[in-house]
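User: I would like to go through this model and ask on what grounds each term is applied. Please set the values against the definitions.

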Amino acid sequence: MKQLSEILNNLFSSLLNTIENMQFFGCANIATELTHVSKLADFKDGVFIGEVFESTFIQIGELQRDFTVVNNEFILFKETTKADIQSIMKVYSDAEKNKTVIYDALKNIRYNATVLQLKTHSNCNPTLCTIR
């Protein structure tokens, strides 16, 4: 049977690959799996991480689907999110779990998603984007 740390590592790796391809609804599906696995293992941190990821990636996926925006904003979100997920992965590979690093990474991901949402909606004009 796989160790929980191996399963988490596989899910985080899948998230990184899916983010690289900017498939944010796919990321939400992986986050849902993370939540379910964590619940089965009674791993509260994993449930929290999965829930934050799921809601964030659903919202970003909806933005990507509903608006045609300048792609640089999504690319910036992708890169910063990958770095934050790598920080979380590193914490779970260490024997000593630094929950401050996890919290900071989740805070950054959620903040960057909110900034992207606000920029997308405030910059929506006929020259920058159209609602599909």
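Analyst: One definition comes up repeatedly: buried means under 20% relative accessible area, exposed over 50%, and partly exposed in between, with a 1.4 Å probe and protein chains only. The model is predicted, so local features need pLDDT of at least 70 and side-chain atom pairs count only at pLDDT 80 or more, while totals for chains, interfaces and linings use all residues. Residues are numbered from 1 along each chain as its sequence is written, and side-chain values use heavy atoms, with hydrogens and water left out.

User: Why does Glu20 count as partly exposed?

Analyst: Glu20 has 36% relative accessibility. Partly exposed covers values between the buried and exposed limits, so Glu20 counts as partly exposed.

User: What makes the contact between Lys78 and Glu20 a salt bridge?

Analyst: A salt bridge is a side-chain nitrogen of Lys or Arg within 4 Å of a carboxyl oxygen of Asp or Glu. The side chains of Lys78 and Glu20 meet at 3.4 Å, N to O, so the pair qualifies under that limit. The two residues are 58 apart, Lys78 in helix α4 and Glu20 in helix α1 (residues 4-20). Helices here are DSSP runs (H or I, at least four residues), numbered from the N terminus.

User: Which residue in α4 also forms a salt bridge with Glu20?

Analyst: Lys82 does, with the closest N and O atoms 2.3 Å apart. Lys82 lies in helix α4 and Glu20 in helix α1, so this pair ties together parts 62 residues apart in sequence.

User: Are Lys78 and Lys82 buried or exposed?

Analyst: Lys78 is at 9% relative accessibility and so counts as buried. Lys82 is buried too, because its relative accessible area is 15%.

User: How many salt bridges does a search of the whole structure find?

Analyst: The search finds eight. One of them joins Asp104 and Lys107 at 3.5 Å, N to O. Both residues lie in helix α5, three residues apart, about one turn of the helix. Asp104, at 30% relative accessibility, counts as partly exposed, and Lys107 is partly exposed at 42%. Elsewhere, salt bridges that share partners join Glu20, Lys78, Glu79 and Lys82 into one network.

User: How do you know that the length of helix α5 agrees with its number of residues?

Analyst: The expected span is 1.5 Å times one less than the number of residues. For the 24 residues of α5 (residues 99-122) that gives 34 Å, and the end C-alpha atoms are 34 Å apart, so the two agree.

User: Which residues of α5 are buried, and what covers them?

Analyst: The buried residues are Ile102, Ala105, Leu106, Ile109, Ala113, Leu116, Gln117 and Thr120. Their cover includes α3 (44-66) and α4 (71-93).

User: Why are α3 and α4 called roughly antiparallel?

Analyst: Their axes come within 13 Å and cross at roughly 170°. Axes are lines fitted to C-alpha atoms, for helices over the stretch in contact, and angles run from 0 to 180 degrees between N-to-C directions. Angles under 35 degrees count as roughly parallel, over 145 as roughly antiparallel, 65 to 115 as roughly perpendicular and the rest as oblique. The two helices are therefore roughly antiparallel.

User: Is Thr81 of α4 buried or exposed, and which residues does Thr81 touch?

Analyst: Thr81 is buried, because its relative accessible area is 0%. Contact means heavy atoms within 4.5 Å. Leaving out residues up to four places away in sequence, Thr81 touches Ile19, Phe57 and Ile109.
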